[in-house]
Amino acid sequence: MKNILITGSNGQLGHEISQVAKNYPQFNFIFTDVEELDITNKNEVESLFENKNIDCVINCAAFTAVDKAEDSYEKATELNAKAPGILAEVTKNNNAKIVQISTDFVFDGNNNIPYKEDELPNPASAYGKTKFAGEKEIINATKDYIIIRTAWLYSSHGHNFVKSMRKYANERGVLNVVFDQVGTPTYAYDLAEVILKLIDKNARGIFHFTNEGVASWFDFAKAIVDISAIDCEVNPLHTEEFPLPAQRPQFSVLDKTKIKKTLSIKIPYWRDSLVECINKLK
């Protein structure tokens with residue numbers, strides 16, 4: 001039986017992995033968050049690997065506050081780059097695998113066709129730069145890795161766009177949301193299933209995963225309001241009408257051909273998965 005360590009398990013992806021875990025009796029899951037394990041402390045990581053005989057780590061821990069990262073570059077670097085480097089080094093020394101969750105923010109968003117795994121990243125924000133640095137740390141430290149880039153993550157657990165839009169729609173009755181940033185929402189439960197399938201298949205390399213289809217943030221918000229049956233007007237905004245500290249990719253659609261071929265899977269359409277999530281919230 002493989003021992004699989006989950007870091008950042010209190011976040012939305014870690015929580016969804018705990019929900020999917022029951023479908024994988026061949027794995028023994030060890031869930032940790034910052035209280036149990038400081039992944040920036042190499043001694044702590046080494047000690048846990050030795051005591052628990054870890055075969056694989058899924059690193060769900062990250063500095064994900066995109067705008068705060070602009071003013072907290074050092075802190076973001078420590079969690080998004082240094083920590084994955086430590087985990088990768090320890091996994092290599094213990095003949096284990098690392099699964100790193102990365103992001104569409106490693107790309108600048110200037111494409112007009114979906115990004116493939118082998119395209120050269122060019123991050124425009126501090127968050128994107130630190131996450132790309134984390135990818136490089138892993139690739140330089142070990143060969144037994146999975147880097148899975150995703151985008152627009154949400155679930156019924158934790159803080160995310162879906163829960164925020166439902167809250168504000170109920171409180172305000174009007175939402176103004178950018179329509180000129182395009183990508184694909186991703187249900188963390190679907191991502192959790194795919195991660196465990198990749199581990200089970202002993203896959204390696206960089207993969208892209210989001211739900212299927214394309215939407216703007218405006219489309220996403222409109223769908224949230226409609227599916228939730230909230231009486232709320234949703235208006236489209238230009239990005240410049242809603243200025244934020246960090247630059248967002250205007251086009252961050254990820255090509256999923258590789259992961260679909262590797263796992264022989266059909267990926268759920270983003271709106272179908274959104275219905276599932278909102279039904280849980282209801």
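**Exercise 1.** Classify the exposure of Asp226 and of its salt-bridge partner Lys222 in this predicted model.

*Solution.* Asp226 has a relative accessible area of 40% and is therefore partly exposed, a class that lies between buried (under 20%) and exposed (over 50%), with a 1.4 Å probe and protein chains only. Lys222, at 34%, is likewise partly exposed. The closest N and O atoms of the two residues are 3.3 Å apart, and a salt bridge requires a side-chain nitrogen of Lys or Arg within 4 Å of a carboxyl oxygen of Asp or Glu. Both residues lie in helix H7 (residues 217-228), four residues apart, which is about one turn of the helix; helices (H or I, at least four residues) and strands (E, at least two) are DSSP runs, numbered from the N terminus.

Residues are numbered from 1 along each chain as its sequence is written. Local features need pLDDT of at least 70 and side-chain atom pairs count only at pLDDT 80 or more, while totals for chains, interfaces and linings use all residues, and side-chain values use heavy atoms, with hydrogens and water left out.

**Exercise 2.** Determine which residues are joined with Asp144 into one network by salt bridges that share partners.

*Solution.* Start with Lys97, whose salt bridge with Asp144 has its closest N and O atoms 2.7 Å apart. This pair links distant parts of the chain, with Asp144 in the loop between helix H4 (126-141) and strand E5 (145-150) and Lys97 in strand E4 (residues 97-103), 47 residues apart. Asp144 is buried at 16% relative accessibility, and Lys97 is buried at 3%. Next, Asp144 also meets Arg204 in a salt bridge of 3.2 Å, N to O, and Arg204 is partly exposed at 48%. Lys97, Asp144 and Arg204 are thus joined into one network.
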